[in-house]
Amino acid sequence: MAAAAPPAQQLLAELTCSVCLDYFTDPASLGCGHHFCRGCIARCWEGLSAEFPCPECRETFPRGSLQPSRQLSNIVHAARMLSLELAKEPELGSVCDRHKEELKVFCQKDQTPVCVVCLLSRDHREHPAVPIEEAAEDYKDQIRSRLESLKKNREAILSFKLSGENKSQELLKQLETEKQKIVSEFQQLRQFLEEQERLRLAQLEELNQEIEKGRAEYVAKLSEELSSFSSLISEMEQKCQQPVREFLQDIKGTLSRCGREKFQNPVAFSSDLKWRIWESSQRNASLETIMRTFKDSLLSRQRLDKANVTLDPDTAHPELILSADRKSVRYGDTRQDLADNPERFDTICCVLGSEGFTVGRHYWEVGVEVGGVWGMGVARASVRRKGRISLYPEQGIWAVQCWEDQYRAPTSPAQSIRFSPSSAPRRIRVFLDCERGQVTFFDAGTWDPIFTFSPASFAGERIHPFFWAGSSARLTLSP
(Lines give C-alpha, C1' and ligand atoms only; values in the text may rest on other atoms or scores of the structure.)
Protein backbone atom coordinates (compact mmCIF):
# COMPACT_ATOMS: atom_id res chain seq x y z
CA MET A 1 0.00 0.00 0.00
CA ALA A 2 1.45 3.36 -1.05
CA ALA A 3 2.36 5.73 1.80
CA ALA A 4 0.21 8.80 2.20
CA ALA A 5 1.74 12.10 1.10
CA PRO A 6 3.01 14.40 3.88
CA PRO A 7 0.40 16.88 5.14
CA ALA A 8 2.37 19.82 3.69
CA GLN A 9 2.31 18.23 0.23
CA GLN A 10 -1.42 17.47 0.55
CA LEU A 11 -2.08 21.09 1.48
CA LEU A 12 0.04 22.32 -1.43
CA ALA A 13 -1.88 20.07 -3.86
CA GLU A 14 -5.20 21.50 -2.69
CA LEU A 15 -3.94 25.06 -3.13
CA THR A 16 -2.38 24.53 -6.57
CA CYS A 17 -4.00 25.40 -9.92
CA SER A 18 -4.03 22.33 -12.24
CA VAL A 19 -3.28 24.55 -15.25
CA CYS A 20 -0.22 26.55 -14.11
CA LEU A 21 0.71 24.17 -11.22
CA ASP A 22 1.38 27.12 -8.92
CA TYR A 23 -0.47 28.67 -5.97
CA PHE A 24 -3.93 29.92 -6.97
CA THR A 25 -4.01 33.57 -8.07
CA ASP A 26 -7.48 35.16 -7.88
CA PRO A 27 -9.09 31.66 -7.67
CA ALA A 28 -12.50 30.99 -9.21
CA SER A 29 -14.67 27.86 -9.40
CA LEU A 30 -16.91 26.18 -11.99
CA GLY A 31 -20.15 24.34 -11.41
CA CYS A 32 -18.31 20.99 -11.49
CA GLY A 33 -16.41 21.98 -8.33
CA HIS A 34 -12.97 22.48 -9.86
CA HIS A 35 -10.96 25.61 -9.07
CA PHE A 36 -8.51 27.54 -11.29
CA CYS A 37 -6.68 30.85 -11.44
CA ARG A 38 -8.95 33.35 -13.19
CA GLY A 39 -6.15 34.19 -15.60
CA CYS A 40 -5.51 30.49 -16.40
CA ILE A 41 -9.16 29.73 -17.20
CA ALA A 42 -9.31 32.86 -19.36
CA ARG A 43 -6.35 31.61 -21.42
CA CYS A 44 -7.91 28.15 -21.74
CA TRP A 45 -11.13 29.70 -23.05
CA GLU A 46 -9.42 32.17 -25.37
CA GLY A 47 -10.91 31.99 -28.86
CA LEU A 48 -14.00 29.97 -27.77
CA SER A 49 -17.44 31.45 -28.36
CA ALA A 50 -20.03 28.78 -27.52
CA GLU A 51 -19.02 25.95 -25.20
CA PHE A 52 -16.47 26.54 -22.42
CA PRO A 53 -15.04 23.24 -21.09
CA CYS A 54 -13.55 22.62 -17.66
CA PRO A 55 -9.80 21.94 -18.21
CA GLU A 56 -10.01 18.95 -15.84
CA CYS A 57 -13.32 17.10 -16.45
CA ARG A 58 -14.24 18.72 -19.85
CA GLU A 59 -17.80 19.48 -18.66
CA THR A 60 -19.00 22.62 -20.46
CA PHE A 61 -20.46 25.77 -18.90
CA PRO A 62 -21.61 29.22 -20.04
CA ARG A 63 -18.91 31.89 -19.72
CA GLY A 64 -20.75 33.69 -16.88
CA SER A 65 -20.72 30.60 -14.64
CA LEU A 66 -17.21 31.31 -13.31
CA GLN A 67 -17.56 32.24 -9.58
CA PRO A 68 -14.87 33.88 -7.39
CA SER A 69 -13.67 31.91 -4.35
CA ARG A 70 -12.65 34.44 -1.70
CA GLN A 71 -12.30 31.84 1.06
CA LEU A 72 -9.83 29.82 -1.02
CA SER A 73 -7.95 33.01 -1.82
CA ASN A 74 -7.57 33.73 1.92
CA ILE A 75 -6.32 30.18 2.55
CA VAL A 76 -3.72 30.53 -0.24
CA HIS A 77 -2.53 33.81 1.28
CA ALA A 78 -2.18 32.18 4.70
CA ALA A 79 -0.25 29.25 3.19
CA ARG A 80 2.16 31.63 1.48
CA MET A 81 2.80 33.43 4.79
CA LEU A 82 3.36 30.08 6.52
CA SER A 83 5.94 29.10 3.88
CA LEU A 84 7.81 32.34 4.49
CA GLU A 85 7.83 31.74 8.26
CA LEU A 86 9.18 28.22 7.81
CA ALA A 87 11.96 29.59 5.62
CA LYS A 88 13.18 31.70 8.57
CA GLU A 89 14.13 28.70 10.73
CA PRO A 90 17.60 28.79 12.38
CA GLU A 91 20.69 27.79 10.39
CA LEU A 92 21.73 24.14 10.29
CA GLY A 93 25.19 22.70 9.79
CA SER A 94 27.09 25.87 10.77
CA VAL A 95 29.89 23.95 12.62
CA CYS A 96 32.53 21.63 11.18
CA ASP A 97 31.80 17.99 12.10
CA ARG A 98 35.51 17.14 12.50
CA HIS A 99 36.91 20.20 14.28
CA LYS A 100 33.78 21.75 15.81
CA GLU A 101 34.87 25.09 14.35
CA GLU A 102 32.56 27.53 12.60
CA LEU A 103 32.34 27.10 8.81
CA LYS A 104 33.73 30.41 7.59
CA VAL A 105 35.49 29.47 4.34
CA PHE A 106 34.32 27.94 1.06
CA CYS A 107 36.64 25.51 -0.78
CA GLN A 108 36.23 26.34 -4.47
CA LYS A 109 37.72 23.08 -5.73
CA ASP A 110 35.56 20.76 -3.61
CA GLN A 111 32.67 23.26 -3.63
CA THR A 112 31.87 22.88 0.06
CA PRO A 113 32.03 25.08 3.22
CA VAL A 114 34.97 24.28 5.53
CA CYS A 115 36.39 25.65 8.74
CA VAL A 116 39.80 27.35 9.00
CA VAL A 117 41.42 24.18 10.40
CA CYS A 118 40.14 22.17 7.43
CA LEU A 119 41.53 24.80 5.06
CA LEU A 120 45.02 24.39 6.59
CA SER A 121 44.85 20.59 6.46
CA ARG A 122 46.38 18.46 3.73
CA ASP A 123 42.94 17.86 2.20
CA HIS A 124 42.38 21.55 1.35
CA ARG A 125 45.76 23.26 1.79
CA GLU A 126 46.39 23.69 -1.95
CA HIS A 127 42.79 24.48 -2.87
CA PRO A 128 41.56 28.01 -3.69
CA ALA A 129 39.10 29.33 -1.11
CA VAL A 130 36.98 32.42 -0.43
CA PRO A 131 34.81 33.59 2.49
CA ILE A 132 31.49 31.78 2.49
CA GLU A 133 29.53 35.03 2.13
CA GLU A 134 31.38 35.84 -1.08
CA ALA A 135 30.88 32.29 -2.42
CA ALA A 136 27.18 32.42 -1.57
CA GLU A 137 26.69 35.64 -3.54
CA ASP A 138 28.51 34.17 -6.56
CA TYR A 139 26.37 31.02 -6.58
CA LYS A 140 23.18 32.97 -5.96
CA ASP A 141 23.92 35.03 -9.07
CA GLN A 142 24.38 31.82 -11.07
CA ILE A 143 21.14 30.32 -9.79
CA ARG A 144 19.21 33.55 -10.36
CA SER A 145 20.33 33.60 -14.00
CA ARG A 146 19.28 29.97 -14.43
CA LEU A 147 15.98 30.65 -12.72
CA GLU A 148 15.13 33.10 -15.50
CA SER A 149 15.68 30.36 -18.07
CA LEU A 150 13.59 27.91 -16.06
CA LYS A 151 10.73 30.39 -15.77
CA LYS A 152 10.84 31.06 -19.50
CA ASN A 153 10.61 27.33 -20.13
CA ARG A 154 7.62 27.12 -17.81
CA GLU A 155 5.89 29.92 -19.71
CA ALA A 156 6.67 28.16 -22.99
CA ILE A 157 5.11 24.94 -21.70
CA LEU A 158 1.95 26.82 -20.68
CA SER A 159 1.76 28.40 -24.10
CA PHE A 160 2.21 25.06 -25.88
CA LYS A 161 -0.37 23.43 -23.63
CA LEU A 162 -3.00 26.06 -24.36
CA SER A 163 -2.17 26.00 -28.06
CA GLY A 164 -2.54 22.23 -28.14
CA GLU A 165 -5.93 22.43 -26.46
CA ASN A 166 -7.16 25.02 -28.95
CA LYS A 167 -5.88 23.02 -31.92
CA SER A 168 -7.61 19.89 -30.68
CA GLN A 169 -10.89 21.80 -30.38
CA GLU A 170 -10.51 23.13 -33.92
CA LEU A 171 -9.80 19.66 -35.30
CA LEU A 172 -12.78 18.18 -33.47
CA LYS A 173 -15.03 20.94 -34.84
CA GLN A 174 -13.80 20.18 -38.36
CA LEU A 175 -14.61 16.53 -37.82
CA GLU A 176 -18.09 17.36 -36.52
CA THR A 177 -18.74 19.57 -39.56
CA GLU A 178 -17.59 16.82 -41.89
CA LYS A 179 -19.82 14.33 -40.09
CA GLN A 180 -22.90 16.54 -40.55
CA LYS A 181 -22.16 17.10 -44.25
CA ILE A 182 -21.70 13.40 -44.86
CA VAL A 183 -24.99 12.45 -43.16
CA SER A 184 -26.93 15.14 -45.04
CA GLU A 185 -25.57 14.34 -48.50
CA PHE A 186 -25.77 10.57 -48.17
CA GLN A 187 -29.50 10.83 -47.46
CA GLN A 188 -30.02 11.87 -51.11
CA LEU A 189 -28.62 8.56 -52.39
CA ARG A 190 -29.50 6.35 -49.43
CA GLN A 191 -30.05 3.08 -51.33
CA PHE A 192 -26.58 3.15 -52.93
CA LEU A 193 -24.65 5.15 -50.32
CA GLU A 194 -25.69 3.49 -47.04
CA GLU A 195 -22.52 1.43 -46.93
CA GLN A 196 -20.39 4.41 -47.90
CA GLU A 197 -21.97 6.51 -45.14
CA ARG A 198 -21.27 3.86 -42.52
CA LEU A 199 -17.66 3.53 -43.64
CA ARG A 200 -17.03 7.30 -43.77
CA LEU A 201 -18.52 7.91 -40.31
CA ALA A 202 -16.42 5.07 -38.92
CA GLN A 203 -13.30 6.72 -40.38
CA LEU A 204 -14.23 10.04 -38.79
CA GLU A 205 -14.84 8.35 -35.45
CA GLU A 206 -11.42 6.74 -35.69
CA LEU A 207 -9.88 10.15 -36.35
CA ASN A 208 -11.86 11.59 -33.44
CA GLN A 209 -10.42 8.93 -31.12
CA GLU A 210 -6.91 9.56 -32.43
CA ILE A 211 -7.26 13.28 -31.77
CA GLU A 212 -8.61 12.66 -28.26
CA LYS A 213 -5.76 10.26 -27.60
CA GLY A 214 -3.20 12.67 -29.07
CA ARG A 215 -4.56 15.53 -26.99
CA ALA A 216 -4.44 13.48 -23.80
CA GLU A 217 -0.86 12.35 -24.46
CA TYR A 218 0.22 15.87 -25.45
CA VAL A 219 -1.31 17.49 -22.35
CA ALA A 220 0.10 14.74 -20.14
CA LYS A 221 3.61 15.32 -21.47
CA LEU A 222 3.30 19.07 -21.03
CA SER A 223 1.82 18.70 -17.55
CA GLU A 224 4.69 16.42 -16.57
CA GLU A 225 7.26 18.90 -17.88
CA LEU A 226 5.40 21.80 -16.28
CA SER A 227 5.28 20.03 -12.93
CA SER A 228 9.01 19.27 -13.17
CA PHE A 229 9.95 22.87 -13.97
CA SER A 230 7.58 24.29 -11.32
CA SER A 231 8.99 21.99 -8.65
CA LEU A 232 12.53 22.85 -9.66
CA ILE A 233 11.78 26.58 -9.68
CA SER A 234 10.12 26.36 -6.26
CA GLU A 235 13.12 24.45 -4.93
CA MET A 236 15.59 26.97 -6.33
CA GLU A 237 13.60 29.94 -5.01
CA GLN A 238 13.48 28.42 -1.54
CA LYS A 239 17.17 27.57 -1.79
CA CYS A 240 18.05 31.20 -2.48
CA GLN A 241 16.15 32.25 0.65
CA GLN A 242 18.15 29.91 2.90
CA PRO A 243 20.88 31.18 5.24
CA VAL A 244 24.36 31.19 3.78
CA ARG A 245 25.74 28.02 5.34
CA GLU A 246 22.64 25.97 4.68
CA PHE A 247 22.45 27.41 1.20
CA LEU A 248 25.96 26.20 0.36
CA GLN A 249 25.32 22.66 1.54
CA ASP A 250 25.45 20.39 -1.56
CA ILE A 251 25.66 23.45 -3.85
CA LYS A 252 27.13 21.24 -6.58
CA GLY A 253 24.04 19.03 -6.62
CA THR A 254 21.81 22.11 -6.62
CA LEU A 255 23.55 23.53 -9.68
CA SER A 256 23.31 20.18 -11.43
CA ARG A 257 19.56 19.93 -10.79
CA CYS A 258 18.79 23.38 -12.17
CA GLY A 259 21.02 23.00 -15.21
CA ARG A 260 18.65 20.71 -17.12
CA GLU A 261 18.27 21.06 -20.86
CA LYS A 262 15.87 23.49 -22.47
CA PHE A 263 12.34 22.18 -22.88
CA GLN A 264 11.52 20.76 -26.30
CA ASN A 265 7.89 20.94 -27.33
CA PRO A 266 6.53 17.48 -28.21
CA VAL A 267 4.57 17.04 -31.41
CA ALA A 268 0.88 17.45 -30.59
CA PHE A 269 -0.75 16.22 -33.79
CA SER A 270 1.06 14.45 -36.61
CA SER A 271 1.06 15.86 -40.13
CA ASP A 272 -0.39 12.54 -41.28
CA LEU A 273 -3.47 13.11 -39.07
CA LYS A 274 -4.02 16.59 -40.54
CA TRP A 275 -3.59 15.14 -44.04
CA ARG A 276 -6.20 12.45 -43.37
CA ILE A 277 -8.71 15.01 -42.06
CA TRP A 278 -8.14 17.23 -45.09
CA GLU A 279 -8.36 14.22 -47.40
CA SER A 280 -11.70 13.34 -45.80
CA SER A 281 -13.00 16.86 -46.49
CA GLN A 282 -11.82 16.55 -50.09
CA ARG A 283 -13.76 13.34 -50.49
CA ASN A 284 -16.83 15.05 -49.09
CA ALA A 285 -16.44 18.02 -51.45
CA SER A 286 -16.55 15.64 -54.38
CA LEU A 287 -19.96 14.16 -53.49
CA GLU A 288 -21.91 16.50 -55.79
CA THR A 289 -19.99 15.12 -58.74
CA ILE A 290 -20.38 11.60 -57.38
CA MET A 291 -24.18 11.96 -57.30
CA ARG A 292 -24.25 13.13 -60.93
CA THR A 293 -22.08 10.31 -62.23
CA PHE A 294 -23.26 7.66 -59.73
CA LYS A 295 -21.16 4.65 -58.75
CA ASP A 296 -18.24 4.79 -61.22
CA SER A 297 -17.62 8.45 -60.51
CA LEU A 298 -17.79 7.77 -56.77
CA LEU A 299 -15.00 5.23 -56.89
CA SER A 300 -12.75 7.27 -59.16
CA ARG A 301 -13.12 10.57 -57.27
CA GLN A 302 -12.19 8.99 -53.96
CA ARG A 303 -8.73 8.06 -55.19
CA LEU A 304 -5.81 10.27 -54.26
CA ASP A 305 -2.58 9.03 -55.81
CA LYS A 306 0.95 9.80 -54.63
CA ALA A 307 2.92 10.41 -57.81
CA ASN A 308 6.40 8.92 -58.21
CA VAL A 309 7.87 12.00 -59.91
CA THR A 310 11.26 11.93 -61.65
CA LEU A 311 12.96 14.77 -63.51
CA ASP A 312 13.07 14.84 -67.32
CA PRO A 313 16.68 15.51 -68.42
CA ASP A 314 15.55 16.41 -71.96
CA THR A 315 13.76 19.50 -70.54
CA ALA A 316 16.51 20.60 -68.09
CA HIS A 317 18.27 23.94 -68.65
CA PRO A 318 22.01 23.40 -69.41
CA GLU A 319 23.06 25.01 -66.09
CA LEU A 320 21.04 22.56 -63.99
CA ILE A 321 22.66 19.47 -62.44
CA LEU A 322 20.36 16.45 -62.04
CA SER A 323 21.17 13.56 -59.69
CA ALA A 324 21.73 10.07 -61.11
CA ASP A 325 18.31 8.90 -59.90
CA ARG A 326 16.68 12.07 -61.34
CA LYS A 327 15.19 12.88 -57.92
CA SER A 328 17.24 16.01 -57.17
CA VAL A 329 18.21 19.17 -59.07
CA ARG A 330 20.59 22.00 -58.23
CA TYR A 331 22.05 25.05 -59.96
CA GLY A 332 25.49 24.45 -61.50
CA ASP A 333 28.37 26.87 -61.89
CA THR A 334 28.97 26.24 -65.59
CA ARG A 335 26.78 25.72 -68.61
CA GLN A 336 26.86 22.14 -69.89
CA ASP A 337 27.23 21.25 -73.55
CA LEU A 338 23.79 19.71 -74.14
CA ALA A 339 21.73 19.29 -77.28
CA ASP A 340 19.35 22.22 -77.84
CA ASN A 341 16.33 20.00 -78.42
CA PRO A 342 12.84 21.58 -78.65
CA GLU A 343 11.84 20.35 -75.19
CA ARG A 344 14.76 22.00 -73.35
CA PHE A 345 14.42 25.31 -71.47
CA ASP A 346 17.17 27.65 -72.69
CA THR A 347 16.72 30.89 -70.71
CA ILE A 348 15.33 30.19 -67.23
CA CYS A 349 16.80 27.35 -65.14
CA CYS A 350 13.73 25.12 -65.25
CA VAL A 351 13.05 21.39 -65.59
CA LEU A 352 9.80 19.40 -65.85
CA GLY A 353 8.82 16.09 -64.31
CA SER A 354 8.83 13.16 -66.69
CA GLU A 355 5.33 12.20 -65.58
CA GLY A 356 2.30 14.13 -66.81
CA PHE A 357 -1.33 13.96 -65.70
CA THR A 358 -4.62 14.54 -67.52
CA VAL A 359 -7.10 13.03 -65.04
CA GLY A 360 -7.32 12.22 -61.35
CA ARG A 361 -5.92 13.74 -58.20
CA HIS A 362 -2.21 13.50 -57.45
CA TYR A 363 0.37 14.81 -54.99
CA TRP A 364 4.14 14.75 -54.50
CA GLU A 365 6.59 16.21 -51.97
CA VAL A 366 9.70 18.30 -52.55
CA GLY A 367 12.44 19.02 -50.00
CA VAL A 368 13.73 22.60 -50.10
CA GLU A 369 16.52 24.54 -48.44
CA VAL A 370 15.66 27.68 -46.50
CA GLY A 371 16.69 30.71 -48.52
CA GLY A 372 18.15 30.43 -51.99
CA VAL A 373 16.21 31.05 -55.18
CA TRP A 374 13.73 28.41 -56.34
CA GLY A 375 10.20 27.72 -57.49
CA MET A 376 7.94 24.68 -57.87
CA GLY A 377 4.45 23.74 -58.99
CA VAL A 378 2.95 22.50 -62.26
CA ALA A 379 3.06 23.53 -65.91
CA ARG A 380 1.17 22.71 -69.09
CA ALA A 381 2.94 20.39 -71.51
CA SER A 382 2.68 23.22 -74.05
CA VAL A 383 4.49 25.75 -71.86
CA ARG A 384 7.02 27.87 -73.72
CA ARG A 385 10.58 26.47 -73.54
CA LYS A 386 12.62 29.04 -75.48
CA GLY A 387 13.31 32.68 -74.70
CA ARG A 388 12.08 34.61 -71.68
CA ILE A 389 9.36 32.91 -69.62
CA SER A 390 7.03 34.36 -66.99
CA LEU A 391 6.05 32.02 -64.16
CA TYR A 392 2.36 33.01 -64.22
CA PRO A 393 -0.82 30.94 -64.67
CA GLU A 394 -1.53 32.95 -67.84
CA GLN A 395 1.69 31.48 -69.27
CA GLY A 396 0.74 27.93 -68.24
CA ILE A 397 2.69 27.75 -64.95
CA TRP A 398 1.22 27.52 -61.44
CA ALA A 399 4.08 27.78 -58.94
CA VAL A 400 5.20 29.25 -55.62
CA GLN A 401 8.59 30.98 -55.50
CA CYS A 402 11.26 31.71 -52.91
CA TRP A 403 13.80 34.49 -53.33
CA GLU A 404 16.17 34.05 -50.37
CA ASP A 405 13.74 34.65 -47.47
CA GLN A 406 10.87 36.15 -49.51
CA TYR A 407 8.05 33.81 -50.60
CA ARG A 408 5.34 34.65 -53.13
CA ALA A 409 2.77 33.23 -55.53
CA PRO A 410 3.06 34.71 -59.06
CA THR A 411 -0.47 35.92 -59.66
CA SER A 412 -1.75 39.26 -60.97
CA PRO A 413 -0.92 41.04 -58.72
CA ALA A 414 1.68 38.80 -57.03
CA GLN A 415 0.73 37.61 -53.54
CA SER A 416 3.30 37.42 -50.74
CA ILE A 417 3.46 34.34 -48.51
CA ARG A 418 4.80 35.16 -45.07
CA PHE A 419 6.86 32.81 -42.90
CA SER A 420 9.06 33.48 -39.91
CA PRO A 421 12.60 32.08 -40.35
CA SER A 422 11.84 29.26 -37.91
CA SER A 423 8.53 28.29 -39.56
CA ALA A 424 9.57 28.35 -43.22
CA PRO A 425 8.72 24.94 -44.75
CA ARG A 426 11.51 22.40 -45.28
CA ARG A 427 9.30 20.07 -47.34
CA ILE A 428 6.41 21.15 -49.58
CA ARG A 429 3.54 18.94 -50.75
CA VAL A 430 2.08 19.84 -54.17
CA PHE A 431 -1.53 18.76 -54.76
CA LEU A 432 -3.03 18.61 -58.28
CA ASP A 433 -6.71 17.97 -59.07
CA CYS A 434 -6.97 17.70 -62.85
CA GLU A 435 -10.79 17.69 -63.07
CA ARG A 436 -11.26 20.73 -60.82
CA GLY A 437 -8.19 22.54 -62.17
CA GLN A 438 -6.93 23.06 -58.64
CA VAL A 439 -3.28 23.45 -57.55
CA THR A 440 -2.62 23.64 -53.80
CA PHE A 441 0.59 23.76 -51.73
CA PHE A 442 1.03 22.53 -48.15
CA ASP A 443 3.81 22.47 -45.59
CA ALA A 444 4.39 18.69 -45.54
CA GLY A 445 5.83 18.88 -42.02
CA THR A 446 2.85 20.54 -40.34
CA TRP A 447 0.27 20.03 -43.09
CA ASP A 448 -0.62 23.70 -42.91
CA PRO A 449 -1.84 25.19 -46.22
CA ILE A 450 0.60 27.53 -47.98
CA PHE A 451 -1.30 28.71 -51.07
CA THR A 452 -4.15 27.65 -53.39
CA PHE A 453 -4.47 28.97 -56.94
CA SER A 454 -7.87 29.88 -58.31
CA PRO A 455 -9.41 26.95 -60.27
CA ALA A 456 -8.17 26.76 -63.85
CA SER A 457 -9.33 24.92 -66.95
CA PHE A 458 -6.71 22.42 -68.07
CA ALA A 459 -9.01 21.35 -70.97
CA GLY A 460 -7.63 17.81 -70.91
CA GLU A 461 -4.04 18.97 -71.57
CA ARG A 462 -1.24 17.03 -69.89
CA ILE A 463 0.07 18.75 -66.74
CA HIS A 464 3.67 18.18 -65.58
CA PRO A 465 5.44 18.86 -62.25
CA PHE A 466 7.53 22.03 -62.65
CA PHE A 467 10.81 23.05 -60.94
CA TRP A 468 12.95 26.17 -61.06
CA ALA A 469 16.38 26.10 -59.36
CA GLY A 470 18.25 29.38 -59.12
CA SER A 471 21.47 30.22 -57.29
CA SER A 472 22.20 28.36 -54.01
CA ALA A 473 19.13 26.16 -54.51
CA ARG A 474 18.61 22.40 -54.35
CA LEU A 475 15.22 20.73 -54.79
CA THR A 476 14.82 17.07 -53.81
CA LEU A 477 11.81 14.87 -54.56
CA SER A 478 10.68 12.60 -51.75
CA PRO A 479 10.59 8.83 -52.51
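Along strand E16 (residues 406–409), which side chains point to one face and are buried, and which point to the other and are not? In this predicted model, Tyr407 and Ala409 are the buried pair on one face of E16, while Gln406 and Arg408 point to the other face and are not buried. The chain that holds this strand has 479 residues, of which 44% count as buried, and its secondary structure comes to 10 helices and 22 strands.

**The chain as a whole**

- The accessible surface of the chain comes to about 25,900 Å², and 49% of that area belongs to carbon and sulfur atoms.
- Among the contacts in the chain with a separation of 6 or more, 66% are accounted for by residues 24 or more positions apart.

**Strand E16 and its partners**

- In a regular strand the side chains alternate between the two faces of the sheet.
- E16 follows an alternating arrangement, with Tyr407 and Ala409 buried on one face and with Gln406 and Arg408, which are not buried, on the other.
- Strand E15 (residues 397–403) pairs with E16 in the antiparallel sense over 3 bridges, and within this pairing Trp403 has Gln406 of E16 as its bridge partner.
- E15 and E16 form a hairpin with 2 residues between them, and Glu404 in the turn has a positive phi of about 60 degrees.
- E16 also pairs with strand E17 (residues 415–417), again in the antiparallel sense and over 3 bridges, with Ala409 standing opposite Gln415 of E17.

**Nonpolar cores**

- In soluble globular proteins, nonpolar side chains tend to be buried together.
- The largest nonpolar core holds 51 residues, and the members that touch the most others are Trp364, Trp374, Met376, Phe441, Phe466 and Phe467.
- Apart from this core lies another one of 47 residues, which includes Leu15, Leu150, Leu226 and Phe247.
- Once neighbours within four places in sequence are left aside, the contacts of Phe467 include Val309, Leu311, Cys349, Cys350 and Val351, and also Trp364 and Met376, which are themselves among the core members that touch the most others.

**His464 in strand E21**

- His464 is found in strand E21 (residues 463–469), where the residue is buried with a relative accessible area of 11%.
- That His464 is classed as buried follows because its 11% relative accessible area lies under the 20% cut-off for that class.
- Leaving aside neighbours within four places in sequence, His464 is in contact with Leu352, Gly353, Ser354, Glu355, Gly356, Gly377, Val378, Ala379 and Ala381.
- The C-alpha atoms of His464 and Ser382 are separated by 9.9 Å, although these two residues are 82 residues apart along the chain.

**Lys161 in helix H5**

- Lys161 is found in helix H5 (residues 132–186), and this residue is buried yet has no salt bridge.
- The nearest side chain of opposite charge to Lys161 is that of Glu165, 6.5 Å away, whereas a salt bridge would require the charged atoms to lie within 4 Å.
- Not counting residues up to four places away in sequence, Lys161 touches Ser18, Val19, Val219, Leu222 and Ser223.

**The open sheet E2-E1-E5**

- An open sheet is formed by 3 strands in the order E2-E1-E5, with antiparallel pairing.
- Strands E2 (35–37) and E5 (67–68) stand at the edges of this sheet, each with a single partner strand, so one side of each is left without a neighbour in the sheet.
- Strand E1 (residues 27–29) is joined to E2 by 3 bridges in the antiparallel sense, and Ala28 has Phe36 of E2 as its bridge partner.

Terms used. Residues are numbered from 1 along each chain as its sequence is written. This is a predicted model: local features need pLDDT of at least 70, side-chain atom pairs count only at pLDDT 80 or more; totals for chains, interfaces and linings use all residues. Side-chain values use heavy atoms; hydrogens and water are left out. A nonpolar core is a set of buried Ala, Val, Leu, Ile, Met, Phe, Trp, Tyr and Cys residues joined through side-chain atoms within 4.5 Å. Buried means under 20% relative accessible area, exposed over 50%, partly exposed in between (1.4 Å probe, protein chains only). Contact means heavy atoms within 4.5 Å. Helices (H or I, at least four residues) and strands (E, at least two) are DSSP runs, numbered from the N terminus. Two strands pair if DSSP finds at least two bridges between them. Lys and Arg count as positive and Asp and Glu as negative; His and the chain ends are not counted. Accessible areas come from the Shrake-Rupley method with a 1.4 Å probe; for residues, only the protein chains shown count as cover.
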